[in-house]
Amino acid sequence: MRVYRLIGTVLLMVVFWGNGCGDRATNPVGRELIEGSGRVVELSPLSLAGASSVFDGVSALNHGQSGALLVGRMNGLRFRSLLRFQVPSVDSLARAAGERSADGFEVNALRLVFESNPFLQRGDEGKLAVGRPGGDWNEASVFVDTLTAAEIDLPALSIPGIPEVFEVSTGDSSVVMDLMSPFMAQAIDTAALMAQIDLMLVPAGAEDFLVVLTSREGEPSGRPRLELTYSFGGGTHHRYESGALEDTFWGAQEGGGPASNPDLLILASGIRYSPILRFNLPDNIPPGASVNSVQFETDVDRGRSLFDHFRFHVSRLDVRPEVGDTLFTRFNAWQFGQSQPSFVLNRALVQGWVSGDIPNHGMRLAPVDNEVILWVVLENPVLKVTYSLPPDTR
């Protein structure tokens, strides 16, 4: 009996051992994947066969109501901000200062003060100019033609006596601009009730540079303000501060926009740009292969991007030459984060290319949200594909 028990135990161990070996031999993510032999193949990163950034139009939205204003130029886009202030009449200023008379009113200093976010500033040094808008505006203004999704320009007029250029450096959190000029002083001096001061901040110079300002909806300590120092008859200097009554910003394409740079791959919302990417698939993948996983990876140029999180759709391109149109088959939405420049792609997107059922015209990344202006500059995007060979393939 002991002999039979021993034989039975040995046979049972052999069965368990054999089953274990069989599991390891057919495991699609086991030894065969690591050693590169067997039924599962992991391709080397697939580089681009072609890519472009396509302009999808400008959203007709009011900007500046999320606590931030943009001024500058970056990646073929230009941003300008509008600020509106009100200053009481000279008589009101005299009463507020306890003066008996408004005679001899004099503007001693006039400064624009605003806070910028050094963590969102792009570029090392930039030049900004202060002008006045050449038309009417308010916070509800839409600087976009809603029929054509094209930008509507509002010209900036120079203000006599104000410096043409103000230097702004990386790391500046508080920016002060001297607006002292006879033109501005006269506007305040001649106002019957309230002097309305409209200012436009625009980029100067040719370099890429972006300043992100705190808007009047932002933190109270950083909101734009106009600081007026005045006196009567050369007497005591008094001070009046006016916070921004209204503010907004808008963006426009410059010099053809990002699409004019063939080396720039940009995914943008607000001013909408969608990169279209086509990857090289090897010719030797059998049509019957099953795609197991697809990973999209890219580098992000942080110095030329502006985002915290960016949500987007992934779509497959289906070109219909008979009707001269391109259809987009949308897959799941994903997002780029500051530490997450990659995502798992839907296998069906690549499976159709491998099987030959769908021509490989590439894929498109398109923004989900267009309530804010954000953008991501992609560099060196690749696909990492793992597939299984048919059972009869050696």
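**Burial, contacts and pairing in a predicted model**

Guide: In this predicted model, a polar atom of the Ser242 side chain lies 2.9 Å from the backbone oxygen of Gln86.

Visitor: What makes the pair formed by the side chain of Ser242 and the backbone oxygen of Gln86 a polar contact?

Guide: The cut-off for a pair of N or O atoms is 3.5 Å, and the distance here is 2.9 Å, so the pair falls within that limit. Gln86 is also among the residues that Ser242 touches, together with Phe85, Pro224, Arg225 and Leu226, when residues up to four places away in sequence are not counted.

Visitor: Why is Ser242, in strand 15 (residues 238-243), called buried?

Guide: Buried means under 20% relative accessible area; Ser242 has 6%, and therefore counts as buried.

Visitor: And why is Pro341 described as partly exposed?

Guide: The relative accessible area of Pro341 is 23%, and since partly exposed covers the range between 20% and 50%, that value places Pro341 in this class. Pro341 belongs to the loop between strand 21 (325-337) and strand 22 (342-345), where its contacts include Phe296, Glu297 and Thr298. The C-alpha atoms of Pro341 and Glu297 are separated by 6.5 Å, although the two residues are 44 apart along the chain.

Visitor: How do you know that Met184, Ala185 and Ile188, the buried residues of helix 4 (residues 182-189), are on the same side of it?

Guide: Met184, Ala185 and Ile188 are buried, and they cover an arc of only 100° around the axis, which puts them on the same side of helix 4. On the other side of helix 4, Pro182 and Gln186 are exposed. The elements against which the buried residues of helix 4 pack include helix 3 (90-96), strand 5 (105-115) and strand 12 (194-204).

Visitor: Why is strand 18 (residues 271-279) said to be largely enclosed by the rest of the structure?

Guide: Seven of the nine residues of strand 18 are buried, and so the strand is largely enclosed.

Visitor: What makes strand 18 and strand 23 (residues 363-367) a pair?

Guide: Pairing requires at least two bridges, and strand 18 and strand 23 are joined in the antiparallel sense over two, so the requirement is met. In one of these positions, Leu277 has Met363 of strand 23 as its bridge partner. Strand 2 (residues 48-58) is joined to strand 18 by nine bridges, and these two strands also run antiparallel, with Ser52 standing opposite Ile276 in strand 18.

Definitions and conventions. Residues are numbered from 1 along each chain as its sequence is written. This is a predicted model: local features need pLDDT of at least 70, side-chain atom pairs count only at pLDDT 80 or more; totals for chains, interfaces and linings use all residues. Side-chain values use heavy atoms; hydrogens and water are left out. Buried means under 20% relative accessible area, exposed over 50%, partly exposed in between (1.4 Å probe, protein chains only). A polar contact is a pair of N or O atoms within 3.5 Å; within protein, one must be able to donate a hydrogen and the other to accept it, and residues adjacent in sequence count only if both atoms are side-chain atoms. Contact means heavy atoms within 4.5 Å. Helices (H or I, at least four residues) and strands (E, at least two) are DSSP runs, numbered from the N terminus. The arc is that of the directions from the helix axis to the C-beta atoms.
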